[in-house]
Amino acid sequence: VGSSLASKGGPRRPPQLSGPGCTSTPLASGLGAASLTACVAGHSSRRRRRGGVGSMVHSSDVSAQLEASAAASQFAAVSEKVGVLLMNIGTPASTEVHDVRDYLARFLGDDRVIDIEPKWLKFVILQILLGVRPQKSAEAYKAIWDESRGSPLQFHTEDLVTDLQQKLGDQFVVRHCFQYSAPFTTNIIREFTKDGIDNVILVPMFPQYASSTVGTCLQEAYEVGAKMYCTPCFSVVPPFYNTPQFLHAQTEEIAKVVGPHGCNVDHTLFSFHGLPVEQCSKTHSGGTKCGPDCAERITRTNKNCYHGQCHETARRLAAGLGLKEGQWSVAFQSRLTLRNTVKWIGPYTDEALAELAKSGVRRLALAAPSFAIDCLETLEELSITGEEQFKEAGGEELMVVPCINTSEQWVTGLSQLVKLQAPAWQATADAAAAAAADPSAPGHCPVSGRFGIWRQGHEHKHNEPMESTATSKQAKTIEFEALAVPW
């Protein structure tokens, strides 16, 4: 609220309620306004029986007051919009070598991506990588580049913005940004401020946490906001690898390929983007380090470990698909190292593909649940190069599962994750009025200062029941679909 006042020139006050027993203090939250009205009316009722000042208040006034407060909360809500920013790494502007080199220079130059000390050593390694890698990467991008729409990561993200905007409605403004290519994070955050949008929900499009993905995107946004005179208010959709919204959408896509209980394939391989072991260890607490234990379970000390979160993702997906032990496995792709000087988490996907083929697996399903949107790593590294590696080792068919991209299930799930981070005043007026009118809804009594089912208490004491305008079910701000999955 404070940040919105700075950009709007002052507070927007909802219509004032008048009449005996009503408070004249406007509340930012519709629920709070309605609650205060109901509570003060109840206390006035008590004074009436004592012959006090509030003797003119009747229970029939409460419904009208609730309707008025609901209108007030609606006025407050519609006057502000919430920004939603989908964040990702980025993509080259074209398949030309110089564009690919510019992109890789920004990407590999990030200290959260390659954290090598001293700086001069990192500079030397970066120059070596930029001398040879852009040519190879440019050829890989050409293999997946769409003639009319360009980069798959770019147009899939644009499509997701469109679908999510339609799902969320006009109260939200959905945009996207990239860390190392246009549209850059800095520009989009400033656009939100220019358009009078002070509350922005940041959505890093990575299911699991890693410093080189979620960490770098959030750092950039925080630094941009901190340097602005009117700092925007950020909230964040955290890593969603263990949420029903993501798991259900991902399971649905994988099930189309593997069939019930994996009956369509010989084996299912979950391939995640790789990371240096040292980067995973830095997320641990209590002096622990990333190791085999991280593949077994998530604990208090490794809850932010990318390695651990990937294995937890695979376990939950396998359970949702009905896969038994031995029907699935985990591997990690895209390692980047010079002469194997840096240890990466394993096993490695390219080696796993060859080993599975040699062990007799002929039909292999390959899913990449660390990517929410198809990109170079899924469309070229897995679908093209991975297929060649699998068949050269004796495999017959590699079935790569598409990312969740803009699937209907994912758009719905993502909209729910976004709404969970929306400001409290964003709750609809109907939900606020329903919660206030429901005598069984707990809350903080603004008169007594106590928390509990105070509306019901007033109703019982005064023997003047308030008529409920909605059921408690309607009072839910976010209504989740029932998910028939084992998690």
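**Note on the sheet and its helices**

1. In this predicted model, four strands come together as an open sheet whose order is E6-E5-E7-E8, and the pairing between them is parallel. The edges are formed by strand E6 (328-333) and strand E8 (397-400), each of which pairs on one side only. Going from one strand to the next, the twist averages 25°.

2. Helix H9, which covers residues 244-258, packs on this sheet and touches strand E5 (267-273), E7 and E8. The direction of H9 makes about 170° with that of E7.

3. Which residues of E8 stand opposite those of E7? Strand E7 (residues 363-367) pairs with E8 in the parallel sense, over four bridges. Within this pairing, leucine 364 has leucine 398 of E8 as its bridge partner, while alanine 365 stands opposite methionine 399 in E8. As a general point for reading such a pair, side chains in a regular strand alternate between the two faces of the sheet.

4. The strands E7 and E8 also belong, together with helix H13 (residues 376-392), to a right-handed β-α-β unit.

5. Helix H13 packs in turn against helix H5 (residues 119-144), at an angle of about 90° and with the two axes 9 Å apart. Because angles of 65 to 115 degrees count as roughly perpendicular, H5 and H13 are described as roughly perpendicular to each other. On the H5 side the contact is made by Ala140, Tyr141, Ala143 and Ile144, and on the H13 side by Leu376, Leu379, Glu380 and Ile384. By class, the residues of this contact of H5 with H13 divide into seven nonpolar, no polar and one charged.

Definitions and conventions
Residues numbered from 1 in each chain as written. Predicted model: local features only at pLDDT ≥ 70, side-chain atom pairs only at ≥ 80, totals over all residues. Heavy atoms only, no water. Pairing = 2+ DSSP bridges. Helix = DSSP H or I, 4+ residues; strand = E, 2+ residues; numbered from the N terminus. Axes fitted to C-alpha atoms, helices over the stretch in contact; angles between N-to-C directions. Contact = heavy atoms within 4.5 Å. Right-handed = clockwise from strand over helix to strand, strands pointing away. Parallel < 35°, antiparallel > 145°, perpendicular 65-115°, else oblique. Nonpolar A, V, L, I, M, F, W, Y, C, P; charged D, E, K, R; others polar.
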